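Please examine the sequence and the model shown here before reading the briefing.

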Amino acid sequence: MTAALEVRDLCKAYGGVRAVDGVGFSLGATERLALIGPNGAGKSTLFDMLSGQRRPDAGTIRLFGREVTGLPPRRIWRLGVGRTFQVTATFGSMTVIENVQTALISYHRRAWRPWSRADRLYRDEAWDLLDLVGMGDQAERACGMLAYGDLKRLELAVALANAPRLLLMDEPTAGMAPAERTRLMALTTEVAAARALAVLFTEHDMDVVFRHADRILVLDRGRLVAEGPPDAVRTDPAVRALYLGEEDGA
Ligand SMILES: Nc1ncnc2c1ncn2[C@@H]1O[C@H](COP(=O)(O)OP(=O)(O)OP(=O)(O)O)[C@@H](O)[C@H]1O
């Protein structure tokens, strides 16, 4: 099966800082891969290059066998990549279902007309996505009224609107209480399995990482310092040294 991602020798520097320095890895088509590392390790920069927000200085990115290095975010999104953000990216003044409909309108390339509301387009599809993430009962609420954990579930539904084959999740559980974190990641795992998605996520909470990743990449100062299944990474001396006193994340 073609890998979801094949990354080779990826580099990005800001002035003299080598934020990502020769990173290479692959991600299987239905694998859940966690990207961890201390603050400033280069996780966001790597993520931004994968989703097209930043152009690499060197290296290649292949998405499902196709080279996408340096393509803009919209082209990458079109090729089946959904992304969720550390800070939730929904429209607060719209209802929950309108947010999902807006994403579906964009995916289906229907023109958005400011004088016509999105209230009829793709409503059934939007309901299906909301049911999938357990938000059907809140469909008509304004997003601005939602609890944080519910917003994150909505964000997942929005990310699923373009029928992605790869989900990129940047600290999906940031700002959540521990029980909520477990729920969101269990939901992500369920959805990924049901839709045969690959998932790449960054995360500071080590419990979440060890419980929900098939494999883990560890970055430090732009370089990959360890890679493997959770048990191997957990006991890796280099990783332990890196995380000593940082078990709880920052
Ligand atoms: N726009 C920028 N201009 C200059 N330096 C930057 C920029 N963005 C990031 N850096 C630097 O690049 C390095 C990697 O940063 P990056 O944000 O990718 O790390 P991170 O692992 O995501 O950190 P965190 O866990 O704190 O989000 C750091 O030294 C950071 O200071």
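The points below treat the sheets, the helices and the surroundings of the ligand in turn.

The model is predicted. One open sheet has six strands in mixed pairing, and another open sheet has four strands in antiparallel pairing. Helix α5 packs with helix α6 and also with helix α3. A ligand is surrounded by residues that include Y14, K43 and T45.

**The six-stranded sheet**

- The strand order in this open sheet is β6-β7-β8-β3-β9-β10.
- The edges are formed by β6 (81–84) and β10 (223–228); each has a single partner strand, so one side of each is left without a neighbour in the sheet.
- From one strand to the next, the twist averages 15°.
- Strand β9 (residues 215–220) and β10 run antiparallel and are joined by five bridges.
- Within this part of the sheet, D220 stands opposite R223 in β10.
- Helix α5 lies across β6 and β7 (166–170), and its direction is at about 160° to β6.

**The four-stranded sheet**

- The strands of this open sheet follow the order β2-β1-β4-β5, with antiparallel pairing.
- Its edge strands are β2 and β5 (66–67), each of which pairs on one side only.
- Eight bridges connect strand β1 (residues 5–14) with β2, and these two strands run antiparallel.
- L5 has L27 in β2 as its bridge partner.
- Helix α1 lies across β1, β2 and β4 (58–63) and runs at about 60° to β2.

**Helix α5 with helix α6**

- Two packed helices are described by the angle between their axes and the distance between the axes.
- For α5 (residues 148–160) and α6 (residues 178–194), the angle is about 15° and the axes are 10 Å apart.
- Because angles under 35 degrees count as roughly parallel, α5 is roughly parallel to α6.
- The crossing in which α5 passes α6 is right-handed.
- On the α5 side, the contact involves G149, K152, R153 and L156, which meet E180, L184, L187 and T188 in α6.
- The residues of this contact comprise three nonpolar, two polar and three charged.

**Helix α3 with helix α5**

- Helix α3 (residues 96–107) packs with α5 at an angle of about 25°, and their axes are 8 Å apart.
- This angle makes α3 roughly parallel to α5.
- Helices α3 and α5 make a right-handed crossing.
- The contact is formed by V96, N99, V100 and A103 of α3 together with L154, A157 and V158 of α5.
- The residues of the contact of α3 with α5 comprise six nonpolar, one polar and no charged.

**The shell around the ligand**

- Which residues are around the ligand? They are Y14, V17, A19, G37, N39, G40, A41, G42, K43, S44 and T45.
- At least two residues of the shell are supplied by each of β2 (17–27) and α1 (43–50).
- Helix α1 gives the most to the shell, with three residues.
- By type, the shell residues divide into four nonpolar, six polar and one charged.
- Two elements of the shell also belong to the description of the four-stranded sheet: β2 is one of its edge strands, and α1 lies across β1, β2 and β4.

Methods:
Residues numbered from 1 in each chain as written. Predicted model: local features only at pLDDT ≥ 70, side-chain atom pairs only at ≥ 80, totals over all residues. Axes fitted to C-alpha atoms, helices over the stretch in contact; angles between N-to-C directions. Parallel < 35°, antiparallel > 145°, perpendicular 65-115°, else oblique. Left-handed = near helix turned anticlockwise from the far one by under 90°. Contact = placed C-beta atoms within 7 Å. Nonpolar A, V, L, I, M, F, W, Y, C, P; charged D, E, K, R; others polar. Pairing = 2+ DSSP bridges. Near = placed C-beta within 6 Å.
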